[in-house]
Structures are given as C-alpha cells and as structure tokens.
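Here are my notes on the model, as numbered points. Please read them with the structure open.

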Amino acid sequence: MRLHRLEATAFGPFADTVTVDFDALTEAGLFLLSGATGAGKTSVLDAVCFALYGDVPGDRASARRLRSDQAGPEVAPRVLLECTLAGRRFVITRAPAWQRPKKRGSGTTPQQATVTVVERVDGQWQPLTSRLDEAGHLISGLVGLTLVQFTQVALLPQGRFQTFLRARSEDRHKLLQQLFRTSRFEQVERWLRDHRLALAEQSRGHERAVAELTSRLSEAADVAPPDPVTAEGSDPLTAWADRLAATTATAAQRAATALASVTDQARAADEQLDAARELVRLQHEHTAATTRLAELAAQEPQLDRQRAQLEAARRAVAVVGLAEAEAEARIEVDLASSHVEAALNKLADTDHQVTALAEQQAALTARAAAVRALAPRAARRADLLRVEATDHETGRVLAEEEAALIEERAALPGLLADARQRLDGARRADQAVAAQAESVRALEVRVEAARDRVRLLDELAAARVELLGVIDTSQQLREELLTLRERRLTGMAAELAGQLASGDHCPVCGSHEHPHPAEPLTGAPDAATERAAQRRFDDAETLRHVHDSRVRDLETRAALADQRAGAGVEQLLSLSADETARLAALRAEAETMPDLVDQVADLERRGQLVGDRLATLGSERAALTAASTARADEIAAITDELRQGLGGDDVDPAALADRLDQDVTLIDAALTAKADLDRAESGLRAAVRRATAAARKAGFEATEEALASAVDAETSEALAAGIKAHETALAATRAILADDTVTAAAAEPAPDLTDLGATAEAAAQEQTTAHAAAELATRRSLRVRGLADSLDSALTAWQPVRSDLELATRMASFVEGKSPDNKLAMRLSAYVLAHRLGQVVASANQRLATMSDQRYTLEHTGRRGAGETRGGLSLLIRDDWSGEARDPATLSGGETFVVSLALALGLADVITQEVGGAELDTLFVDEGFGSLDADTLDDVMDTLDTLRDGGRVVGVVSHVPEMKDRIPTQLAVRKQRRGSTVELVRPS
C-alpha cells in the first residue's frame, strides 16, 4: 500500500480543504508530521484510516463527531484518498454522517454516510462501487489488514505500546487475539466450559432423581436411608434396594398366610351366629301368632256391627244423589228470588209492572240514539278549540323567536369582526413559531457553551496549579542535576584515578607512573548517579510537557466556548427563559387558529341562517292569522246546534248516551231475573218428587232416613278395609301356628345370642386386622419392587453422564490453565498467542539491540507475573550490563519509549507475515521522541532509516523542536481559530 494524495474538507480540526501530497514526501523517504498540541497531527492519520475503513482508530471512534465545528453550516465533510493497493491505483472518497441544514424551513436533517471508489484502468478513471459494505470488503481485501491490524502496522501508536509493554498477561491476551484472530481457540475454551457446565447440570439432575428415589424407597420400606449417593456408590445402592425388595416380599407372603387362617375361623363363627338368630326368630314368631289369634277372636262382635253399617250405607247411595239435586234446586230458587228483589230495588222510582218497564225501556233507547247522533259535532267543536289553542301558542312562540333573531342579527357583525381579528393574530403567531423556536435552540446552544466555559475555566485553573507544581519539581530536579554534575566534574580526577592500573599510561598526562593518584571525596557522585538524576529530570520534563499541553488545550477550548456563548450563564438563562416563554405563548396562540377558522365560518353561516329564518317567520304568522278567523265561524255554528239538541253547549253527548243505556240495561236485568225465578221454582217441585220416590224404593220411609244411613266414600272404604284386614290377619295367624318348622322351633331351648355374637365379632375384628396387615404388606412389597427397578434404571442412566462429566472437567480445566497437569497454568488461546508473542519479541530484539546500544533484550516467559493467576504472555526486560531480567515497569521514560518502539515494529513485522506479506510502503510513527537523549535518539533515527528500505515512506509524528532539525522534510500542521491548515516544508 502506498499513499499518493489526501484531501480533507470540514474534517476534524480542518474547517476548509487541506491537501497532503504524499508523492512529494516520497522523495525524502523520512518526513516529520509536526504541529502544536491539538493542531491536528493525529487527525491526518485519522483521515487516512477513515478513507480506507470508514472509521477512525482508538477512543476517537466512539465520539462519532468527525465533522469540523469551525466549518460553515453548508459545508459537507469529505475525505479523498488517492492510493495504490495491491498494484492498483484507486481514488476513495468518503463522507461521514452529519446534520445538514434543511433545504426548506429551519433546523437540520441527518445526512447519511457515503463512499465512492474509482480505479484508474488504462489511463481512465472507472467507478467501482458506491455502497458502504462493498467498499469495505474491497479495500480490506486489497490492504490485507483489518482496521485494528492497520493501526498497529501502518500507524505505530507508541503510547499504546507502552501500555502493552507494562500490561498484565490478560490485557496482552485481548489485544493479541484481535490482531492475530485466534478467537477460535477461545471458542474452544468456551465450548468446553459450557459443555462441562451442561454435563454438570445434567449430572445434578440425575443425582437429584437418584436421591429422590432413594428417599422414596427408604420411606416405602420404612427403613433408614443409606449414606449420601456418590459416583462410586451405585453398586452398594442397587444391592441395598434388592435387599429391601426381598424383605418386603417375604413379609407380604407371611401376612397372606395369616389372613387365610383367620378368615376360616371368622366364617365358622358367623355361620353359628346366623343359625342361632334364625331359631330365636321362629320362637318369637310362634309366640306372637298365639297372642294375635286371641286378640282377633275378641274383636268379632264389633266386626259384625261394622258389616251391618256398611250394607245400609251401600243402599243409601242411590238416594243421596237425588237428595243433593233437591237441595241444589232450593238454593237456586232462593238465589233467583234475591236477584229479582235487587233489580227492583235499583228501579225504585219506576213502576214494578212488567208492561210499564218495557215501555220505559223503549223510550230510553230512542233518546240515547238521538243523543249519540250529536257526538261527531261535539268532537269537531273540541278539535277546533284544541287547534285554536295550539295555534295561539305557536303564534306566541314565533313572536318570541322573531324578537330573538332580530336581536341576534344586530349583534352578529361585531362578533364576526372580533373573531376575524383574533384569527389574524393566531396566523401571525403560527408564522413566528419556527423563527422563535430556532432562537430558543440557538440560546440553548449558547447556554451549554457558557456552562462548558465555566467548567473549562475551573479545570484550567486546576491544571495551571498542577503545571506550576510540575515546573517547580522540574526546576528543582534540574538544579539537582547541575549540582551533581558540577560535583562530579570537581571529583573527576579521583574518578579517573580510580580507573588507573599499574603500568598503564595516564589518559591525562600519558605517564606510566602514578605516584600520587587523587583520592575521591566522601559521597562523591559517579556516572550512574548522574544518569539516574538525568532520568529523573527527563521524566519531570516529559510530565511538564504533558501538563503544559493540557493547559494550552484547555485555554483553546475555553476561548472557543466563550466565543460560542458570547455572554454569562445567568444572563443567557434569563434570556432563554424569556424566549422560551414567548415561544410557548406563540404556540398556544397558534394552536387556537383551527378553532377560530371554524368560529368565523360558523358566524358567517349563522348570519345567513338568521335572515332566512326571519323571512320564514313572517309567512308562518300570516298563515296562522287567516286560519284562526275561519275557525271561529265554524265553532259558533256548532255551539248553537249542541245547545238545541242537548240543552247546553257543555253537555257531553257520549256521557249522556251512556247514562241512558245504563237505565235500559237495568230494566232489562229486572225482566231477566223474574223469568229466572219462575224457572227455578218449577225445577224445585220436580226434584222433590224424584227424591221421595228413590228413598222408598231403597227401603227407607223418607229421604231424611236414607241420608242418615249414608256415609262418605272414605268411611265406606275404611269399613271395608278394616273387615278385610281382620279376616286376612286371622288366616295368616292360623297358617303360622299350623307350620311344622315354627312348632318344632317353639319346642327347642332359647340360644345365648350374646355369647355367640361376641365370638363372631372377635373373629371378624381379627380378620379385619389381618386383612389390613396383608394389604399393607402387599402394597409395600409392590411399591418397593417398583422403586428398586426405577432406582436401578436411574443409576444406569447416570453412569455415562458421570463419565462424560469427568472427562469434560479434566479437559476444560486443562485448556483453562487450572489443571495440575498444565504446568504453565496457561490457557489454550494464550498458548497459541504465546508462539506469536515469541515471534514478536524475536523481531523486536533485532531493532532493540541497535536502539539500546546492545544493552536491553526483551524476554517472553510462560511463568506467571506478579499478581497474575495464569501465565503464558508475560514479558521481562534483560539488562545485559547487569545480567539481570526485570519487570518493564522499572524502565525510565526514554527506555520505555525505545523498548515500546521496538515492540511495535516487531509486532508490525509479524502481522505483515500473518496476512501474507502485505506491502506497506507508507508508515507513521506517533509521539514519544521527546523523552530520548541525543545518543539514544541517534540510534532510534538509524533504526527508522532502515524502515525506508525498498522505497518505503516513513512519517514521524512529533512536536519536539529537536526533531525539526533532524528531519528537514516536514508536513507542518498549524492550528488557528478558524481551523487548522497543513503546509509542506522542504529543505532549502
């Protein structure tokens, strides 16, 4: 991969378009990317990553804020990269997602990310794709590296490799796994762990089933449970279950034999008791029959009297019906007589002669017909009067409605004008809402900027205090270094004298004799002490530079926040509250616009309806007046006619006719009652004759005698039943006394039922107890046998799961580095990565030897580091001057940079080999050179020069002034209030 040209517009700190000509930098081979802190040096590298992968490296990717804040609102962010990938020339143009202003109205709308890839083929640019996913697959395949790998190979981030150098094994494991894509081995670990957990859960399920069956079996057999079940306890548990099954089966057999014996005894006792009870019953039956026969013989005289009474009652039956008919005829005559008397009482003012009643009835009938003929005329008059009253009420209502409408018509113009005025105000408010909302949003942004300014000023004050402290410390260490160096120079003669050997020449005077060598003073410093002081001063200077950069960054951010805010927080909050309240008022007024539109339309329609209704009311009132005049004439004519026919105009014809009809009906009822009385008296005389004849025929002197002998049907049936019952009982008693079995039983002695019953009851109780014991023993035997079989099946099913679990546990523990068999306590994935780390260390040591003057060597060890639970990825630094290996955390700042750079270059080499030797003709090495002394910096620069072999271009990112003298070709990034710029600086 070789970069040719980069353009960035509205990207990061670059508000305008900046261009980087990498082809011009290729001639130098090594160039410096310089600039103040926050100018945008790293943003140039971000632009390269974004063009290739659509993302930026590190923590900056999570911010999702790639567009420049200084760019104009209409300027679209864009990155263009012209590069050669796998021998093919491409131009990649990407734009991140951003919020662009709306084309209509105010506010912003989201603009999605875009990409365009074109390739130069035969001198012509041909488009390849404009889809994000296709572009990502194409470029990743051509580069041969993922974004993570690219940032570790082409963009060497020294700060991160210092962290990697001093990290724990687990942290190195995570990074190396991303770079070398060995997640499949971690998936193996995870699968084995999950498989072990699944088998453990399955085994616990089998164990619970076995424990439950064991508990149920001990409960069913009523014995104590065995010891807790273990994986080795299957055979003893099976034997224990079989013993319980055999024991309960034997007990069931013994209980069944005992039950058969007591059952035979109980059956014999029951048979004896039943025979005794039958004998007692026959003896009681003989005694009762003898007593009953004597009682029946004593009842014979009374029975004869009942037979005579029953015979007389049967003869009187024929007379009773006719006597009852005679009585009913007498009742009918009395009732008809009362009816005649009542009818005549209602006609007290009339003649009681039948002829007079008939004539009066005819006259009343004629009068009722004449009155009824006038009923339609009276009804017509009533209808006319009702209509007259209704029309009068209608006229009154219409007059009131007309007055109200006239008043409403007078008020409508004022209401309509007021509604139209309020509608105009609501429309103006609706038009002003958008502008007011934008003003409120702008104030909210300014308030947030003002708050950021306050926060940044607080942080700036604290950072300045910290910077002053760091500066004081640095000055103190510098003075200590100068003092120590001066003391060493003062005692340099003694130091040189300490290096003299007998016979060697003096490096100062050249003499081979040393009669008076200088003696060192007490506490005189040596070279090691001076180097230690130099390291402390260098570390302090590095820390001062970090704090100084932070202060400048906070000053810039506070100035930008102050520019965006333009006023204080309290003032902006007050102004924002006023504008927000005004926006709420405008929105509330604008929300009334639909209702006001409807109100104006309703008022306009109401004015038209009122005019139409007033015209209709005038016509309706004129029609009512004309109809009332014609109706009055007809009412007068009908009134005269009713006065002549009824005797008055207020007489109701229907009521008068009804009263006349009632009088006619009363006369008719009196005539009918007289005719009914005559018929009843004739019927009574006939009934008397028939009843007297029937009594004599039945053997009675008179009807009264027959009625005295008669009884009701219930009494007759009772007499007959009593006679028959006596005769039946007599026959049954005689039959019992004639039975030979009863006679023989009466001759036998009475048995002792109490003794026999107690014997049978005791035998039955013993049988019940034996039956319950046998049934319990049988059920227990069957249940124990079934549970024993289930337990055997459960143990059989558990056995393979236990075996699989044991194997899975051993394997999972081994690959996780927790097994005693894993001597290094190293995970499988760590074991694979350890090989890769060894390659990285071997490649890093080739450059570290040069950069550290053959002093330091990186060592990869599989042993666990301090505080680590697993090994495999630990690093040590061997100091060949002392021969000791120590923790990288003991290195100074400059030494840490050198070792980290070597480690980064080694990792880049290994990753390049991993992906098949991807060609990377453009590399960048980020910050960290400020911590190096001059000699070490020379060694590092020599190493960087070797990276240029084969035409490779190396860019060094640094703001250290000394680097500008060492690398004349520079890409200078300068920060300004309106956005950063980029300038190519070449040697003159």
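1. A definition comes first, since strand pairs recur below. Two strands pair if DSSP finds at least two bridges between them. With that in hand, take one bridge: F90 has E119 in β8 as its bridge partner. Keep in mind that this is a predicted model.

2. Overall make-up. The chain has 988 residues, and 37% of them count as buried. It holds 26 helices and 17 strands. Contacts reach far along the sequence: among those between residues at least 6 apart, 75% join residues at least 24 apart. The accessible surface is about 55,100 Å². Carbon and sulfur atoms account for 53% of that surface.

3. The six-stranded sheet. Its strand order is β2-β1-β4-β5-β8-β9. The sheet is open, and the pairing is antiparallel. β2 (14-21) and β9 are the edge strands. Each has a single partner strand, so one side of each has no neighbour in the sheet. From one strand to the next, the twist averages 20 degrees.

4. Helices on this sheet. Helix α2 (residues 41-53) packs on it and touches β1 (2-11), β2, β4 (78-85) and β5. The direction of α2 makes about 105 degrees with that of β1. Helix α4 (residues 132-143) also packs on the sheet. Its contacts are with β4, β5, β8 and β9. The direction of α4 makes about 140 degrees with that of β5.

5. The β4-β5 hairpin. Seven bridges join these antiparallel strands. One bridge pairs L81 with I92 in β5. Two residues lie between the strands. In the turn, A86 has a positive phi of about 55 degrees.

6. From β5 to β8. Strand β5 (residues 88-95) pairs with β8 over six bridges, in the antiparallel sense. Which residue of β8 is the bridge partner of V91? The partner is V118.

7. The β8-β9 hairpin. β8 (residues 114-121) and β9 (residues 124-129) run antiparallel and are joined by five bridges. V117 has T129 in β9 as its bridge partner. This hairpin has two residues between its strands, and D122 takes a positive phi near 55 degrees.

8. E134 on helix α4. This residue lies in α4. Is E134 buried or partly exposed? At 37% relative accessibility, E134 is partly exposed, because buried means under 20% and exposed means over 50%. The C-alpha atoms of E134 and V115 are separated by 9.8 Å. Those two residues are 19 apart along the chain.

9. The largest nonpolar core. How many residues does the largest nonpolar core have? The count is 44. L6, L52 and F150 have the most contacts inside it. Helix α2 supplies the largest share of this core, nine residues. A general remark fits here: in soluble globular proteins, nonpolar side chains tend to be buried together.

10. L52 and its contacts. Set aside the neighbours within four places in sequence. L52 is then in contact with M1, L81, C83, I92, R94, I139 and F150. L81 and I92 in that list are also bridge partners, with I92 in β5.

11. A second core. Another core, of 34 residues, lies apart from the largest one. Its members include L30, V840, L891 and V954.

12. Cysteines. C49 has 0% relative accessibility and counts as buried. C83 is buried too, with a relative accessible area of 0%. Both values fall under the 20% cut-off, so both residues are called buried. How many disulfides does a search of the whole structure find? The search finds zero.

13. The three-stranded sheet. This open sheet has the order β11-β12-β13, with antiparallel pairing. Its edge strands are β11 (856-861) and β13 (884-886), each pairing on one side only. The twist averages 35 degrees from one strand to the next. Strand β12 (residues 874-879) pairs with β13 over three bridges, in the antiparallel sense. Opposite I877 stands R886 in β13.

How values were computed. Residues numbered from 1 in each chain as written. Predicted model: local features only at pLDDT ≥ 70, side-chain atom pairs only at ≥ 80, totals over all residues. Heavy atoms only, no water. Helix = DSSP H or I, 4+ residues; strand = E, 2+ residues; numbered from the N terminus. Axes fitted to C-alpha atoms, helices over the stretch in contact; angles between N-to-C directions. Contact = heavy atoms within 4.5 Å. Core = buried A, V, L, I, M, F, W, Y, C linked by side-chain atoms within 4.5 Å. Buried < 20%, exposed > 50% of the residue type's maximum accessible area, 1.4 Å probe, protein only. Areas by Shrake-Rupley, 256 points an atom, 1.4 Å probe, with all protein chains shown as cover. Disulfide = S-S within 2.5 Å.
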